[in-house]
Structures are given as C-alpha cells and as structure tokens.
Amino acid sequence: MVPLTRLSLGSGLAALLALHAPAQQPDARLDWWREARFGLFLHWGLYAIPAGEWQGRTDHGEWIRDTARIPVGEYEQLQARWSPVRFDADAWVRMAKDAGMRYVVITTKHHDGFALFDSRHTGWDVMGTPWRRDVMQELADACRRHGLRIGWYHSILDWHHPDYLPRRPWEAGARGAEGAEFARYVEFLHAQVTELLTRYGPIGVMWFDGEWESTWTHAHGKALYELCRRLQPDVIVNNRVDKGRAGMAGMTTGAEFLGDFGTPEQEVPATGVPGVDWESCITMNRHWGWNRADTAWKSDQELIRMLVDIASKGGNLLLNIGPTAAGEFPPESVARLKAIGAWMAAHGEAIHGTTASPFEALPFGRCTVRTRRGASTLYLHVFEWPADGVLMVPGLGNELRGARLLADPDRKVEAVRAGADVRVRIPGPSPDPRCAVVALELAGAPLVYRAPVVAAAHDEFVDELRVELRPGTPGLDVRYTLDGSEPGPGSPRANEPLVLRDTATVRTRTFAGDTARSAVVTRTFTRVRPWPAAGAADTEPGLHLRVQKGAFARIPDLTPLAALQAVAAAAPEVPATFREEDVLHLYEGFLAIQRDGLHEFALTSDDGSRLWIDDRLVVDHDGAHGPQERRGFAPLAQGLHRVRIAWFNRTGGALLRVHSGLAGAALAPVPLEAWRRPRSR
Ligand code: FHN
C-alpha cells in the first residue's frame, strides 16, 4: 500500500468555484453569426492577375507587391489589366449557399490599397479599370437575393496611399515618406469605411486586418470600431480593428481591446472558451489570393472535419477562396464546395445553430449540441467508426429519447444506458467515413458528469509526488484506487491531495452517493532514479559557446561545430539588443543541480532551440518560430550534469532564455553560478 499524507484542499476548491463564474450575457447582435457557424472568405484583387507568379517565382499571393518588391508604379499598371469577364456574383453566392455557408466576407481593399468598389476618395479603385463594375454592389445584391449576409474585409494597412506609414522597408528610398501624414490616412480610411457602411445596405461583418503595425494604435482602433457601430449599430466587427489580437492564435488579449470576435488564422484553438466568440479563417490550399501553382489542396474530409471540430468548440469557420483574374472560383475550390455541400445537405442540422460540446474529449470524434425547451440533441460526429459498431458516450446522465443516423435515418441505432455512460450501437459500416453523425435525443439539457481531473506536476517523480483529484463536475464525490482496480462506492474519497512515494496506478471516477456518474480516469505515476551527477570536475562559472553563421530552418547536425573555436559565455541567453541574423549558437558545459529531484526546464526562444542534459534531449523546441516557450523534465541527482543548448536565429526578433525549477514549483531563471565550464588552464 502506498503511504499517504493528506494536505488541505483550499486552492482546489477556489479553482472549482472560479470554473463556474457566471459569463457575461452574450450580445444578441451576434446571434445570426453564431447560428451560421460557416462562411465564405474571398481574397480577390489585382494580385489575381499575376496568379502568384512574378519574374520566375511562383510562390506569391496577395502580398505579391511586397514579396516581389514591385515598385508602386509598375504595380499600378495592373489596374488597366483588370477585366474579370466571367465574374458572376449570383453563381458565387449560389455555390456558397449550396455548401451550407450562411455569410460571405470579401476583400473590399487588401494591403495593396486597391478598392474593389466605387470609391469617391481615390482613383485607385475598380472604377478606374476598363471593367468599371462595383464588385461590392453586385455581391451584396446577390447575397440578399439568396438570403446570405455580406461582410467586408478591409485592410487598415495600405501600401499605396501616400499618407500611410510606415513604408515597406525595401521601398522606403524610392517611395519616400516626406509629407506623409498618418492622420490624413486615417481620415481616408474612415471615409472609405463610411462608403462601405452607407452605400451597400445592411452589412453583417466588418472584418478588419493589417492592424499590427506600430502606427495603428488602440485609440485608432477604438475610433474605427465606434465609427462602424455608429453607422450600422448591428454590424459585427472583428478584433483586428484594435490592437488586442494575440498573433495567429487570434484571440483578444484583454478586456480593454475592442472587437466582437477572435480571429484565429490558419489554426483551430485546442479548446473553445465558454462565452467567447471566435472564427478560424482557413485557406483551402496554402494561399489566400489566387496562386496558380499552389496544388496543396486540403481534402474535403479534412475540410469537413475542420468545420466539425470548430463547431464542436463553439467557433465559426471562414473558409477562403481566391478567385481567378477572370472572375471564377478555381475548379479545385468548386469541387470542395460541392463535397462540403453534399455533406451539409445530410448533416447541416449538426452544424447550424449548434453549440459547443459538453464533453472534454470523445475518442471517436466530436460533439455538437442543439437545445430547445425541455429537450436537447447531441450530435455525435464519428471520425473513427468503431469496428464493433459501439460508441461509448462517457458520463452522460440524461434520460434517452432516441437515436438516429443523420445520413441513413432508416438504419437501426440502439442507445442504452451502461452505468455512468451511454452505449450507442450501430451495426454495419459507416455511412460516411469522412464524418458520420448520430443524433442522440435527450430529455432536458445535456447532463454530462465530467471525469475527475487528476492534477500532478508530471508522470514521473524522484522522491514524492503530490496528486490532486478534483471532480470534473462540482458537487460530486471523487473516489479512487491505487492498485489499478476499478473505483467503487466503497473506495476512498479524495478529500485531500494524495502524496505518492512509490509507483502507483491511480484510477478515479465521480460518484453521486453510491452511483457512479463519470467515466474512470486512469494514470500511472512512476518513481524513477535520478540521473547520476558527473564526477567531481574542476570548473569555473559560465559555458563554452561556439557560433556558426548560416540560414537555418532547423537545428543541424552539431558535430562539425566541435572544430570551431569556443568562446566564454556567462549563460545560454542573448541580450534584448541582439540583432544578428542567420546564426547558430551551441552552448556547452555543466549545470550544477542543488538537490535530487524531478527538475523542470523551460526554453523560451525565437527561433528554434534544444536542451540536452547528460546527452539526453530534455526540451525540443526546434523549428522556425516566434518567441515561444516549451518545457521538459529531467530527474537529476545533486551535482554537475553535462549540458548543451543549441539555438538559431533566422531573421527578425531573437530570443533565448532558460528557466528551471523543481517540478510543480514556479520556474525561475537558472542562477548564473549554476552554469559551469571546465576551468581554462
Ligand atoms: O496579411 C493578411 C493576409 O494577406 C490575409 O489577408 C490573412 C487572412 O486573414 N490576414 C493577414 C495575415 O495575417
């Protein structure tokens, strides 16, 4: 039996109470948008004419004026070539509607500044082309004919307007900023937004972008948000109007920033956030604007599962198409819209008007929910069809009222209670391997007893480990066993955290009295021996550093660096003033560990980095990325341990920092005196 010591539960209870703090009332203005769940994003403009190609390179997109460094005068010549003779707004909107999309967001103006609408504030617009048609007017009218909402993508950033600052670095000389006044650009921006919100009828969404440059401030964002809401009080405005977006993860970082929804880009958040509205914008291939050479198309299965995953987390999917210069959707995009539409024809009720899953995770796929007075429907989205035809729905407490297969309503589906869970049996093959959906009819709103939370610093420990067992649903008892047997009503209650001093398998579930209410959670914690310290060595403070120039995308084979002359370094870090690009650092020496234990290490770097201790890879944070942290663990005995840290910086920002601490404790910078190198003779 494992000796146990009991500790107080104060902090755990506080955390549970915070878990269920009341969310602020959702803004009914977004109700249509939440119900929609699915929209079409369109990136269209002059950049469709070169179709991604310029002077032999074929990887450009809507940024081509910048990535191909096209002087503004040369880029302006595209205006005379704009003639999308096959543009048909009705055809576009019908394809979107048939795909199950409920709204369309189109680029009124991208970063190149070219307006796809008739703007009275510039000649750099579609009326200055031989084609002379207002795309926004035609698309807005078509959307209204087909019952879809229309939204405007509008770039704050503008590489054409003489008053926009800053200039692109590569053209700052040729296109000087003398006389440029950003305030005057802001007036122009407001004037065009006013045109877009006063001349085209009710607009569903203002989708701003290009807010990241330093000239755009929170004050500008606030004024622009207020302008939009003053002109159309019901319009929804994304969070890129202001300065609060957390990079490509897209969520808003603080309550002081404006914007009605978060905007993850090319990614789907790991989980939804109750009470937070968000929409992931995703391309069908790799480019937003049309690129003829881009054949990296996502499959319709990938796109359907992405839509399901997003809806199961309470978000929206804004799926992008880059129409061609002729005014057509690429055939690959059309095919994917049709495939998604065929799936939505049978499964749309499991997406539109649904809310997020009440489960933390489901082994077979995802779940969305539709609630109504006194009843609800769980839509079980099955990605992995079970060979035995059985789906287990964990911890579902509701009375069952029926079950059906959306794609094959005549097929027999049996749903029965199995203790704390519900067992759904659907003999035979999946009716849609991309994603089959079982609708489970329930009495009342979903009642899901979440499995207990098993909180511990790590799955391994050196001397002892604190393990906290918390009910996933407040108010239930948590019972557990430590010998691998199934917890029952007579098993010990986890009223306080456990302290393990030997390897143990914890199995736990929640109970209401003697009735099991949740699934069983099983986790094994292993006591390990610490890695032995190196023998006594004559060392001095600091590390050896070897430096190699080169453009790295990943950490290379480090063997060749041994031939390089080492210099002294106080620690594996770079100063905030560090600006060197295309460089690799290799730090080597010892790390002095003060006491036996499971130690945790955090590497924060821009770009990639790796940490080895005693030649074992402890943190792998390789790859080209921005300033991000990654952690790892190592069981270490007191004494000196060999250490190596490799880090490279490509271009732009540079950052390297190492924090450490005993697992479960707060991490702190490694003390300088802990870095040791062999004493130089
Ligand atoms: O720079 C733009 C990019 O061209 C594209 O419009 C995406 C889609 O939202 N947004 C910006 C990149 O984050």
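Does D582 count as buried, partly exposed or exposed, and at what relative accessibility? At 25% relative accessibility, D582 counts as partly exposed, because buried means under 20% relative accessible area and exposed means over 50%. The structure discussed here is a predicted model. Its chain has 10 helices and 34 strands. The radius of gyration is 29 Å, close to the 26 Å that the globule rule gives for 681 residues, so the chain is as compact as a globular protein of that length.

**Overall dimensions and packing**

- The C-alpha trace of the chain spans about 85 × 80 × 45 Å along its principal axes.
- Of the 681 residues in the chain, 54% are buried.
- When contacts between residues at least 6 apart in sequence are considered, 70% of them join residues at least 24 apart.
- The chain exposes an area of about 28800 Å², and carbon and sulfur atoms supply 52% of this area.

**Strands 2, 3 and 4 and their crossovers**

- Strand 3 covers residues 149-155, and 6 of its 7 residues are buried, so this strand is largely enclosed by the rest of the structure.
- Strand 2, which covers residues 103-109, pairs with strand 3 in the parallel sense over 6 bridges. Within this pairing, T107 has Y153 of strand 3 as its bridge partner.
- Helix 6, formed by residues 135-146, joins with strand 2 and strand 3 to make a right-handed β-α-β unit.
- From strand 3 the chain crosses through helix 7 (residues 182-198) to strand 4, and this β-α-β crossover is right-handed.
- Strand 3 and strand 4 (residues 205-209) run parallel and are joined by 5 bridges. Here S155 has D209 of strand 4 as its bridge partner.

**The open antiparallel sheet**

- An open sheet is formed by 4 strands in the order 30-27-32-33, with antiparallel pairing.
- Strand 30 (628-636) and strand 33 (668-669) are the edge strands, each of which pairs on one side only.
- Strand 27, made of residues 597-606, pairs with strand 30 over 9 bridges in the antiparallel sense. L603 stands opposite R630, which belongs to strand 30.

**Cis peptide bonds**

- L165 and P166 are joined by a cis peptide bond with an omega of about 5°. P166 is placed in the loop between strand 3 and helix 7.
- D606 and D607 are also joined by a cis peptide bond, for which omega is about 15°. D607 is found in the loop between strand 27 and strand 28 (609-613).

**Residues with positive phi**

- R37 is a residue other than glycine with a positive phi, near 65°. The loop between helix 2 (31-36) and strand 1 (38-42) contains R37.
- With a relative accessible area of 5%, R37 is buried, because the cut-off for a buried residue is under 20%.
- D582, also a residue other than glycine, has a positive phi near 50°. D582 is found in the loop between strand 25 (567-569) and strand 26 (583-593).

**Surroundings of D66**

- D66 lies in helix 3, which covers residues 64-67.
- The relative accessible area of D66 is 10%, and this residue is buried.
- Leaving aside residues up to four places away in sequence, D66 touches W159, R168 and W170.

**Cysteines**

- A search of the whole structure finds 0 disulfides.
- C367 is in no disulfide, and the cysteine sulfur nearest to that of C367 belongs to C435, 11 Å away. For C435, which is likewise in no disulfide, the nearest cysteine sulfur is that of C367, 11 Å away. The pair does not form a disulfide because a disulfide requires cysteine sulfur atoms within 2.5 Å.
- C367 is buried, with a relative accessible area of 1%, and C435 counts as buried at 0% relative accessibility.

Notes:
Residues numbered from 1 in each chain as written. Predicted model: local features only at pLDDT ≥ 70, side-chain atom pairs only at ≥ 80, totals over all residues. Heavy atoms only, no water. Pairing = 2+ DSSP bridges. Helix = DSSP H or I, 4+ residues; strand = E, 2+ residues; numbered from the N terminus. Buried < 20%, exposed > 50% of the residue type's maximum accessible area, 1.4 Å probe, protein only. Right-handed = clockwise from strand over helix to strand, strands pointing away. Rg over C-alpha atoms; globule rule 2.2 N^0.38 Å. Contact = heavy atoms within 4.5 Å. Areas by Shrake-Rupley, 256 points an atom, 1.4 Å probe, with all protein chains shown as cover.
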